[in-house]
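Visitor: I have just started learning to read structures, and I would love a tour of this one. Could you take my questions as they come?

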2 protein chains.
Amino acid sequence: MPKSRSEIPVATVSRLALYLRELQQLQRGATVHVRSQSLAERLGLKDSQVRRDLSCLGPVGQRGVGYPIADLIIAIERVLGTDRAWNVILVGAGNLGRALSGYKGFDQQGFRLVAVFDSDPNKIGSKVEEFPVQDLDTLEFFVANTQIDLAILAVPASAARSVASRLEAAGIAGILNFAPIAVQSSGSTTVQDVDLAIELQRLAFSVVRNQRPH
Amino acid sequence: MPKSRSEIPVATVSRLALYLRELQQLQRGATVHVRSQSLAERLGLKDSQVRRDLSCLGPVGQRGVGYPIADLIIAIERVLGTDRAWNVILVGAGNLGRALSGYKGFDQQGFRLVAVFDSDPNKIGSKVEEFPVQDLDTLEFFVANTQIDLAILAVPASAARSVASRLEAAGIAGILNFAPIAVQSSGSTTVQDVDLAIELQRLAFSVVRNQRPH
DNA sequence: TAGATTGTTAATCGATTAACAATC
DNA sequence: TAGATTGTTAATCGATTAACAATC
């Protein structure tokens, strides 16, 4: 029996996205089915973990055969919510923002950039991808008149909180925050933080741990 | 008693980096001590979790007073390994690579970019920050003659595995992988993956879960 | 001392894993 | 049917939390 979204463990959700990525790659080949063991090997996991994770989707596998790749992709996308397109705005047209706007992976997973905002007069009017950078002051007006689901926040830490609360007030459902500061999600807006420096620190920790095992 | 690095839970390590970020911000103010409750509030955690995490560093707090910010920063940096500088190379001078090379947060945490590589003849010789893009073919020679600790991998998925194994063979201790593909860390090289599309998918999941709670 | 906050214990909660019955 | 692989159970492992004694 498929689990409801609220019952699916967060750890499983992250891995479902990983499975999806592998499956999409496999689908470009000729294979129709994939075994839990093969998925596990590709991602460095245990096969029993893969099966347990996939069992959250309902009985989508075929005993003795494996999981049908096409069905699995559909089932995972349905759970993740990426079986439909998501309209995304980018706030912050600095180096990182510009790079993110051109990131192929977003588009491939159904995330559609529809507008770019910045507060810097020197940037307003210039183009990021095919989008003219709009004045941050027009954010609320734009969001009120367009169906926007998510925002990518790539502004300096000093501006992140005020922009985030404006996005929340404007009714944005989710924020992917690249600013290196904790942004509180007060209301119904979900915030997902990505701190690149922290990722590098975690890597550094793993390295020093491996170098001096005791 | 301080725990040895190998005893510190991975979940704690991620949060130690978060604490460090908050503490560095606090240090710019006038406060000398911080209480576990205050740190917890800023990051949306429980105070008991903050205390348990910080207890991995040894008895660094002062009962009745709080944690001395300066000491705490030193203790966390020592555990994470960021009490010294790390030399980092960037492989892949596309949009994302260029943005990462200019990312302030890396430098602030002691990660020092020392060279940039790409295989595209059109990019080789051009400058990224102050660094001329070097031919990927000279990677091994460069690494053999310079003290390099980490590599940021920002190449297309199709190239990621071969570049990663070259980095491993060259003796790089850690790879921060931005390519949307699982890179196996066969030997002593540690790989830390950052998949931006997956972060957006996790956000999408949280949003649909919140929207339809049952 | 009195008040406050840490450090640590014990209980709870959640996630991972091995094993195997179910079944394609 | 025989062989293979899933789906699921039960056991293990690890992380979180509340509570409070220790102590500044």
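Visitor: How do the residues of the surface near DNA strand D divide into nonpolar, polar and charged?
Guide: Keep in mind that this is a predicted model. The protein has 24 residues around DNA strand D. Sorted by type, the surface near this strand has seven nonpolar residues, eight polar ones and nine charged ones.

Visitor: Which element gives the largest share of the surface near DNA strand D?
Guide: The elements that give two or more residues there are α3 of chain A, along with α1 (10-27) and α3 of chain B. With four residues, the largest share comes from α3(B).

Visitor: Which part of DNA strand D is 2.8 Å from a polar side-chain atom of B:Arg63?
Guide: Let's start with the residues that come nearest to DNA strand D, which are A:Arg35, A:Ser36, A:Arg52, A:Gly61 and B:Arg63. The side chain of A:Arg35 has an N or O atom 3.2 Å from a phosphate oxygen of the strand, while for A:Arg51 the partner is a base oxygen, at 3.1 Å. For B:Arg63, the partner at 2.8 Å is a base nitrogen.

Visitor: Turning to the other strand, what share of the atoms of DNA strand C within 4 Å of the protein do sugar and phosphate account for?
Guide: DNA strand C is surrounded by 24 residues, and A:Arg15, B:Arg35, B:Ser36, B:Arg52 and B:Gly61 are the closest. Among the strand's atoms that come within 4 Å of the protein, the share of sugar and phosphate is 62%.

Visitor: Which residue has a polar backbone atom 2.7 Å from a phosphate oxygen of DNA strand C?
Guide: Some polar contacts with this strand use side chains instead: A:Arg52 places an N or O atom 3.2 Å from a base oxygen, and A:Arg63 has one 2.8 Å from a base nitrogen. The backbone atom you ask about, 2.7 Å from a phosphate oxygen, belongs to B:Gly61.

Visitor: How are the two protein chains related, and what kind of axis is that?
Guide: Chain B can be laid on chain A by a turn of 180° and a shift of 0.0 Å along the axis, with an RMSD of 0.0 Å. That relation is therefore the one given by a two-fold axis.

Visitor: In chain B, which residue has the C-alpha nearest the axis?
Guide: The axis is the one whose 180° turn lays chain B on chain A. In chain B, the C-alpha nearest to this axis lies 3.1 Å from it and belongs to B:Ala99.

Visitor: Why is A:Phe111 counted as buried?
Guide: A:Phe111 is found in strand β4 (residues 111-118) of chain A. Leaving aside neighbours within four places in sequence, its contacts include A:Trp86, A:Phe106 and A:Leu150, and from the other chain B:Ala197 and B:Leu200. Buried means under 20% relative accessible area. A:Phe111 is therefore buried, because its relative accessible area is 3%.

Visitor: Which residues of chain A does B:Phe106 touch, not counting residues up to four places away in sequence?
Guide: In soluble globular proteins, nonpolar side chains tend to be buried together. Here the largest nonpolar core has 58 residues, and B:Phe106 is one of those that touch the most other members. Within chain B it touches B:Leu100, B:Phe111 and B:Ile152. From chain A, B:Phe106 touches A:Leu196, A:Ala197 and A:Leu200.

Methods
Residues numbered from 1 in each chain as written. Chains lettered and ligands numbered in written order. Predicted model: local features only at pLDDT ≥ 70, side-chain atom pairs only at ≥ 80, totals over all residues. Heavy atoms only, no water. Core = buried A, V, L, I, M, F, W, Y, C linked by side-chain atoms within 4.5 Å. Buried < 20%, exposed > 50% of the residue type's maximum accessible area, 1.4 Å probe, protein only. Contact = heavy atoms within 4.5 Å. Least-squares fit on C-alpha atoms with pLDDT ≥ 70 in both. Near = heavy atom within 4 Å. Polar contact = N/O pair within 3.5 Å; in protein donor to acceptor, adjacent residues only side chain to side chain. Nonpolar A, V, L, I, M, F, W, Y, C, P; charged D, E, K, R; others polar.
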